[in-house]
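Work through the exercises below with the sequence and the 3D structure at hand. Try each task before reading its solution.

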Amino acid sequence: ILDQFNPTLRSFVSMGKSYEKALSGVTVAAKGYFDSLVKLGELASDSQGSKELGDTLFQMAEIHRQIQVQLEEAIKLFHSELLGQLEQKLELDIKYLTATLKKYQQEHRSKSESIEKCQSELKKLRKKCQGSKNPQKYGDREIL
């Protein structure tokens, strides 16, 4: 999990952040576009011949503003409900998996040391048994 799934998930979160940053850049550009529409509408409204054009530009600016508000809300939701949650769960998973791995390694090390100790004692008993006048005495210990 740590070697395959989590790096891919991290990459996914990173791409999501890049996407969010790009959308924020679009928002900045859109605000400039909105300001330009308003200025053009004001200029067009000042003259009698292009008053209708000015009204149309104001309507376009209002629709554009509404779309921008919706986009900004979508970006906030994308961040809070998807990226933020995913990133938090990923960090918790990594902490849990790391702690579990550490615990497993400690238990494995402890059991391995215990087995090695028992094997060492068994070798000693077998050597004593081979050189002893009463081999049955050590054979009983080996069974225990």
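**Exercise 1.** Find the helix that holds lysine 39 and decide whether lysine 39 is buried, partly exposed or exposed.

Solution. Note before starting that the model is predicted.
- Step 1: Lysine 39 sits in helix H1, which covers residues 5–46.
- Step 2: The relative accessibility of lysine 39 is 57%.
- Step 3: Exposed means over 50%, so lysine 39 counts as exposed.
- Step 4: For its place in space, take glycine 54, which is 15 residues away in sequence; the two C-alpha atoms are 9.3 Å apart.

**Exercise 2.** Place lysine 76 in its helix, classify its exposure, and find the salt bridge between lysine 76 and glutamate 73.

Solution.
- Step 1: Helix H2 runs over residues 51–131 and contains lysine 76.
- Step 2: With a relative accessible area of 54%, lysine 76 is exposed.
- Step 3: The side chain of lysine 76 forms a salt bridge with that of glutamate 73, at 3.9 Å from N to O. The cut-off is within 4 Å, so this distance qualifies.
- Step 4: Both residues belong to helix H2 and stand three residues apart, about one turn of the helix.
- Step 5: Glutamate 73 has 41% relative accessibility and counts as partly exposed.
- Step 6: Lysine 76 can also be compared with glutamate 20, 56 residues away along the chain: their C-alpha atoms are separated by 9.1 Å.

**Exercise 3.** How many salt bridges does the structure hold? Examine the one between glutamate 91 and arginine 10.

Solution.
- Step 1: There are five salt bridges in the structure.
- Step 2: Glutamate 91 and arginine 10 make one through their side chains, with an N to O distance of 3.2 Å.
- Step 3: This pair joins distant parts of the chain, since glutamate 91 is in helix H2 and arginine 10 in helix H1, 81 residues apart.
- Step 4: Glutamate 91, at 33% relative accessibility, is partly exposed. Arginine 10 is also partly exposed, at 39%.

**Exercise 4.** Which helices are linked by the pair glutamate 87 and lysine 17?

Solution.
- Step 1: Side chains of opposite charge can pair when their charged atoms come close.
- Step 2: The side chains of glutamate 87 and lysine 17 form a salt bridge of 2.6 Å, N to O.
- Step 3: Glutamate 87 lies in helix H2 and lysine 17 in helix H1, 70 residues apart, so the pair links distant parts of the chain.
- Step 4: The relative accessibility of glutamate 87 is 29%, which counts as partly exposed. Lysine 17 is partly exposed at 37%.

How values were computed. Residues numbered from 1 in each chain as written. Predicted model: local features only at pLDDT ≥ 70, side-chain atom pairs only at ≥ 80, totals over all residues. Heavy atoms only, no water. Helix = DSSP H or I, 4+ residues; strand = E, 2+ residues; numbered from the N terminus. Buried < 20%, exposed > 50% of the residue type's maximum accessible area, 1.4 Å probe, protein only.
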